[in-house]
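This briefing gathers side-chain contacts and strand pairing for a reader at the bench. Please keep the sequence and the model in view while reading.

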Amino acid sequence: MAAEGRDAAGRVCHGARWRELLRVGCVLIVAILMSAATAISAAAPKTVRSKPATPSLSTRVAEQKKRVDAQQVTIEEQKALIAGQKAVVDSQSVRIESQQARLAELEAQLLEMKKRLEILESQANLPAWEDSLEKRIKLVEAATQRSPELPPDLVSAGDFPGSIRIPGTDAAIKFGGRIRTAVVLTLDPLGTDDRFLTNSIPVGQAASGEAKRTNISARASRLNIEFRTPSGVEELRAYFEGDFTGEGNAFRLRHAYAQYRGIIAGQTWSTFSDPNVDLEDLDFEGVSSENVIRQPQVRYWWSPKPDTRFAVAAETPAVSITGGQGVNLFPDVIARGFWGLARGGHLQVAGVVRQIRGETSNGTVRSEWGTGASVSGVREVRIRELTDRLMFQLNAGYGIARYINDLNSEGGQDAVFDTTTGELKVLPAVGWYVGYEHRWKEWKAAETMNLRSTVLWSIVAVDNFDFQPPDAYWKTNRFAANVVFSPTSRADFGLEYIYGTRNNKDHQSADANQFQVVALFRF
């Protein structure tokens, strides 16, 4: 037991010493490692940084002066560059101002030219700003040559196409005219040889000298003179035209008027008329129901928009009465509105108020009032590749025979005196026509020749009174068809067939046929 106790005590003591030795060993190892590290660190060479030498003050001052001098040179160079750029800018500014002034002037001129061109196109039934400028100008010039007598809405200062300066003045003058030769073959009794007057168709037994016959005439040839002279913002325009259809081929006045701004004074197309329809009928007499009277007048017009125009006028009161004589006192008062439509079309509405005043053979004077209205227009027809035109006019009212072509030629149709009571009765009348113009573009040759045809139908009717005689004018029909071609812009050649009938109050009637071959040269 004692021995076992000693062995146990010995193992305890031995374990304690072992742990102590372990701790001592660890401490020694750590000390050795630390000592080795210190030795290695001490043995490594140390890097010594050298401190740069500080330059002297004089050196630094010299270097700073060099930098200042270099900067000064740079500044001077920059100043010189700025001065050069400023001179260029000043020169460019002067040129820009000059160019801007010129540009403004050119734009103002272009605006004025566009305005004039639009107005001419509206009168010539031309499309607005769809084609090239060169092409449109040629069309306007052609339209002006075709109908130079139409009063333009705007007259241009200075020279105008085809005119010459009058030496020593600021005025320009233009001479123009046309040669019209017609070969007329009349197949039935008719009161005229060189034209087709529907009212002259004899009803009943034909008189002698009215058999088939041929007539060749150049009486419808015309001469015209136009003056323009600057007067303020716009110029003064004067136009004179006449033909040779007077008695015995005497010279007859057609137009003589002056135009200044919106005022037209003189003889020209009535404000109640619509010459802008430009229906191509080769007969010199024209369509029976058409309103194409020329008479002295004073007119004022204005245009709130380029495609809209209004006009009022006082015109000569030429009254024609059956059973008496017209005694003119109060002028015809006319108002008109014109509206341009797409592709050269237009619509016109006009109204007239007139005094119908007449005197019988015994000196009795009677007076009534007449009123009438007119609606006319042109509409372009575009079906597939067609560029045809549909034209129409309707004239109706009381005492307006002067404004219906066939009744005006007949005479005495504004009013009639009642032979039993002596009262003056105003005659109701109506006249209308429809025309269709086709341009033959199916063949290249026809298009080059500007080949075209027009077909038209016209009716005129009067509401007769019971006391009028049986042979009084009641109704007429007129049908026409033609073919026209233009080898040049200044020449037209055409063939037209005309058929007409006249019906009297007693319903008796007669008809007539006629052919016309017409050559027209404009200059």
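Which side chain meets R452 in a salt bridge? The partner is E280, at 2.8 Å from N to O, in what should be read throughout as a predicted model. R452 belongs to strand β19 (residues 452–462) while E280 belongs to the loop between β7 and β8, so the contact ties together parts that are 172 residues apart in sequence.

**Salt bridges**

- The structure holds 21 salt bridges, and the pair formed by R452 and E280 is one of them.
- R452 counts as buried because its relative accessibility is 3%, and E280, with a relative accessible area of 8%, is buried because the cut-off is under 20%.
- E285, in the loop between β7 and β8, is also engaged, since it forms a salt bridge with R195 in which the closest N and O atoms are 3.4 Å apart.
- That contact ties together parts that are 90 residues apart in sequence, because E285 lies in the loop between β7 (263–269) and β8 (294–305), whereas R195 lies in the loop between β2 (172–186) and β3 (213–217).
- Both partners, E285 and R195, are buried, and they take part in a network of salt bridges that links them with D194 and R219.
- R382 and E380 also meet through their side chains in a salt bridge, at 2.6 Å from N to O; here R382 is partly exposed, with a relative accessible area of 46%, whereas E380 is buried, with a relative accessible area of 18%.

**Aromatic pairs and clusters**

- There are 13 aromatic pairs in the structure, among them F465 with F467, whose ring centres are 5.5 Å apart and whose planes lie at 5 degrees, so that the pair is stacked.
- Both of these rings belong to residues that are partly exposed, F465 having a relative accessible area of 22% and F467 a relative accessibility of 27%.
- Y497 and F515 form a tilted aromatic pair, with 5.1 Å from centre to centre and 45 degrees between the planes.
- This pair links distant parts of the chain, 18 residues apart, with Y497 in strand β21 (residues 491–504) and F515 in strand β22 (residues 509–522).
- Y497 is partly exposed, with a relative accessible area of 25%, and F515 is likewise partly exposed, with a relative accessible area of 34%.
- Beyond these pairs, Y300, W302, F310 and W339 are linked by ring pairs into a cluster.

**Charges over rings**

- The charged end of R294 is placed over the ring of W269, at 5.2 Å from the ring centre.
- R309 is arranged in a comparable way with respect to F338, its charged end sitting over the ring at 4.1 Å from the centre.

**Strand pairing in an open sheet**

- Three strands, in the order β10-β16-β17, make up an open sheet whose pairing is mixed.
- The edge strands of this sheet are β10 (321–322) and β17 (424–426), each of which pairs on one side only.
- β10 and β16 (residues 415–417) run parallel and are joined by two bridges, and I321 has A415 in β16 as its bridge partner.
- As background, the strands of a sheet pair through backbone hydrogen bonds, and they may do so in either a parallel or an antiparallel manner.

Key
Residues are numbered from 1 along each chain as its sequence is written. This is a predicted model: local features need pLDDT of at least 70, side-chain atom pairs count only at pLDDT 80 or more; totals for chains, interfaces and linings use all residues. Side-chain values use heavy atoms; hydrogens and water are left out. Two strands pair if DSSP finds at least two bridges between them. Helices (H or I, at least four residues) and strands (E, at least two) are DSSP runs, numbered from the N terminus. A salt bridge is a side-chain nitrogen of Lys or Arg within 4 Å of a carboxyl oxygen of Asp or Glu. Buried means under 20% relative accessible area, exposed over 50%, partly exposed in between (1.4 Å probe, protein chains only). Rings of Phe, Tyr and Trp (its six-membered ring) pair if their centres lie within 6.5 Å; planes under 30 degrees apart count as stacked, over 60 as edge-to-face and the rest as tilted. A charge sits over a ring if NZ of Lys or CZ of Arg is within 6 Å of the ring centre and within 35 degrees of the ring normal.
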